[in-house]
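Here are a few exercises to work through with the structure open beside you. Try each task on your own before you read its solution.

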Amino acid sequence: MTLRPQALATSDAALWTGVRGVFTDIDDTLTRDGAIEPGAFDALQALHAAGVPVIAITGRPLGWSEPFARAWPVAAIVPENGAVALIREGEQVATEYAQDAATRERNAARLREAAARVLAEVPGATLARDSAGRVTDIAIDHAEFAHLDDEAIGRVVAIMRAEGMTATVSSIHVNGWFGSHDKLSGARWMLRRLFGRELDAERARWVYVGDSTNDQAMFGFFALSVGVANLREFAAQLTVWPAFITAGERGAGFAEVARRVLAARSGQAQEHVQPV
């Protein structure tokens, strides 16, 4: 039986004590219609001010993500489902890749061929408008500016997998790429790269927040996994639910998570204050 999530507001406060940081999706988790919601941005600032690092992991492309890596108070953004990392280094942003240059070059032609096959074989299929900024994957728009029904989405996924690609469905795109990387490998990479630690050893001390079917591996891995309320739109497609779900949708839901983390952190600090 599939376990449904508990309301975040009713979760045991003790579970959130000792949280070291937050991983989060971007589209429809922090944003609405491609723009970050004010409540989500304020939450990012509050977490940053409290010394809680936030790492965003997204299916969006490198080119789309770079301005946000510079403007948002995040430690890093990992675009293209774990293939690329944009890492804050003071006022600069460094770009690193999970695959070497030779592998990326070999895959580029294969990506073009796979995209051409999808466009030829699935009526109505179009490349995502952010495709010009993509380096390691392709994206087919199913809900951002175009619409594909479930049957067409399934056909896109089937073609990508027949081509030897990994394929996932987000709230807006079908993403396909060559390689074993994914959101979870990206999270492991960033914890090791930024802090020199192994995620598997502290999986209970990091939160993951997401909104769609392509977050299921993350929901299954993290004990403190949270879906924003609009995740319910995908109830029929979900086989793995997060542990908790927020009352608010999108950025408002992320802000709830931030308040939960910060409240536990504040309580922990108060417990360590010695009486005068």
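**Exercise 1: A three-stranded sheet**

A hairpin of three residues joins β10 to β11. The model is a predicted one.

Task: Find out which strands pair with β11, and in what order the strands form the sheet.

Solution, step by step:

1. Begin with the hairpin partner. Strand β10 (residues 166-169) pairs with β11 in the antiparallel sense, over four bridges. Within this pairing, T166 has W177 as its bridge partner, and A167 stands opposite G176.
2. Now look for the other neighbour. Strand β9 (residues 137-141) is also antiparallel to β11, with five bridges between them. Here I138 has G176 as its bridge partner.
3. Put the pairings together. The three strands make an open, antiparallel sheet in the order β9-β11-β10. That leaves β9 and β10 as the edge strands, each pairing on one side only.
4. Add the twist, which averages 15° from one strand to the next.
5. Finally, see what packs on the sheet. Helix α3 (residues 101-121) touches β9 and β11, and its direction makes about 20° with that of β9. Helix α4 (residues 150-162) packs on the sheet too, touching β9, β10 and β11, with its direction at about 5° to that of β11.

**Exercise 2: The cover of β11**

Task: Decide how many of the residues of β11 (residues 173-177) are buried, and which of them lie on each side.

Solution, step by step:

1. Use the cut-off for a buried residue, a relative accessible area under 20%.
2. Count along the strand: five of its five residues are buried.
3. Sort them by side. H173, N175 and W177 are on one side, while V174 and G176 are on the other. Both faces of β11 are therefore covered.

**Exercise 3: Helix α1**

Task: Check the span of α1 (residues 38-49) against its expected value, then work out where its buried residues fall.

Solution, step by step:

1. Take the length first. With 1.5 Å a residue, twelve residues should span 16 Å. The multiplication uses one less than the number of residues. The end C-alpha atoms are 17 Å apart, which agrees.
2. List the buried residues: A40, A43, L44 and L47.
3. Look down the axis of α1. Its buried residues fall within an arc of 100°, so they line one face of the helix.
4. Turn to the other side of α1, where P38 and A49 are exposed.
5. Step just past the helix, and you meet G51 with a positive phi of about 80°.

**Exercise 4: Positive phi outside glycine**

Task: For D28 and E80, say where each residue lies and whether it is buried or exposed.

Solution, step by step:

1. Start with D28, which is not a glycine yet has a positive phi of about 60°.
2. Place D28 in the loop between β2 (21-24) and β3 (31-32).
3. Judge its exposure: the relative accessible area of D28 is 13%, so the residue is buried.
4. Go on to E80, another residue other than glycine with a positive phi, here near 50°.
5. Place E80 in the loop between β6 (76-78) and β7 (84-89).
6. Judge its exposure: the relative accessibility of E80 is 0%, so E80 counts as buried.

Conventions: Residues are numbered from 1 along each chain as its sequence is written. This is a predicted model: local features need pLDDT of at least 70, side-chain atom pairs count only at pLDDT 80 or more; totals for chains, interfaces and linings use all residues. Side-chain values use heavy atoms; hydrogens and water are left out. Helices (H or I, at least four residues) and strands (E, at least two) are DSSP runs, numbered from the N terminus. Buried means under 20% relative accessible area, exposed over 50%, partly exposed in between (1.4 Å probe, protein chains only). The arc is that of the directions from the helix axis to the C-beta atoms. Two strands pair if DSSP finds at least two bridges between them. Axes are lines fitted to C-alpha atoms, for helices over the stretch in contact, and angles run from 0 to 180 degrees between N-to-C directions. Contact means heavy atoms within 4.5 Å.
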